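Let's take a relaxed walk through a protein model, looking at a few charged pairs and then at one proline. Have the picture ready while you read.

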Amino acid sequence: VSNELGYVGNFAEQGITLDLRVYADKLDHLVTSQRVVVPAVPGVSFFNGTALTPTGIAFSAVNKSQAKIMGYEAHARYRPGAKTDVFISYANTRISSDDADLERTMPRNTFSLLATQQLPYRLQGSVGYYQMSSVEPLSEGNLIPVARRLDMRLAYRMGRIGSDFHGGEVALVLQNLLGKYADFERANIAQQRAYMSLELPW
């Protein structure tokens, strides 16, 4: 069962666009693990010679869990002029479930800010900031602490001035300026990096 209420507002004179949403989703028959007792089976073992479930306990996948997801989202775009574009987004999510593992599988808060500015001499600069609260993914994922990311980009556009002709682009990109962070599991580390890109249409 899903319930949602949204609002979209366009304020052209102020250069502002709003997109708001609140929702509540109820899910049932979710897959979860259930302990089962496994009777001893003489002669059965794993490839390394250990006994099959030495403790006599195993896990079976069953469709029995329930969860309720409630949250709200807010997105705003601000364009004070033809050369400036700012996009801000925030979301808050809460999960309640009879399976405690499910309650930690989505970040409570996420935030993003992306600003783009047209500069003189055919340059375009942009900066993006992203933040996500701690989360513990299902399956093989680990508990991931709060993640913060800052990216910057400076591009030079080629082509005839005053026309729609796009003759290509050279860009310098800087990623993870606030430092490295883990993604999904602690071994997946997003490192700081810088690179150049070249776009040539034909």
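A salt bridge here is a side-chain nitrogen of Lys or Arg within 4 Å of a carboxyl oxygen of Asp or Glu. Side chains of opposite charge can pair when their charged atoms come close. Before we start, note that this is a predicted model, where local features need pLDDT of at least 70 and side-chain atom pairs count only at pLDDT 80 or more, while totals for chains, interfaces and linings use all residues. Residues are numbered from 1 along each chain as its sequence is written, and side-chain values use heavy atoms, with hydrogens and water left out.

**Charged pairs**

How many salt bridges does the rule give? The count comes to eight. Three of these pairs, including Glu73 with Arg21, are set out here with the separation of their closest N and O atoms.

| Acidic residue | Basic residue | Closest N and O atoms |
|---|---|---|
| Glu73 | Arg21 | 3.0 Å |
| Asp85 | Arg79 | 4.0 Å |
| Asp151 | Arg149 | 2.9 Å |

Take Glu73 and Arg21, which form a salt bridge. This pair links distant parts of the chain, with Glu73 in strand 3 (residues 57-81) and Arg21 in strand 2 (residues 16-37), 52 residues apart. Strands are DSSP runs of E with at least two residues, numbered from the N terminus. There's a third member to find as well: Glu4, Arg21 and Glu73 are linked in a network of salt bridges.

Now for how much of each residue shows. The labels go by relative accessible area: buried is under 20%, exposed is over 50%, and partly exposed is in between (1.4 Å probe, protein chains only). Glu73 has 23% relative accessibility, so it counts as partly exposed. Arg21 is partly exposed too, because its value is 22%.

In the other two pairs, the acidic residues are buried: Asp85 has a relative accessible area of 18%, and Asp151 has 14% relative accessibility. Their partners are partly exposed, with Arg79 at 40% and Arg149 at 22%.

**A proline in a loop**

Where does Pro137 sit? You'll find Pro137 in the loop between strand 6 (123-132) and strand 7 (147-157). Is Pro137 buried or exposed? Pro137 counts as buried because its relative accessibility is 17%.

Which residues does Pro137 touch? Leaving aside residues up to four places away in sequence, Pro137 touches Asn142 and Phe184, where contact means heavy atoms within 4.5 Å. Look for Arg104 too: Arg104 and Pro137 are 33 residues apart along the chain, and their C-alpha atoms are separated by 7.3 Å.

Methods. Helix = DSSP H or I, 4+ residues; strand = E, 2+ residues; numbered from the N terminus.
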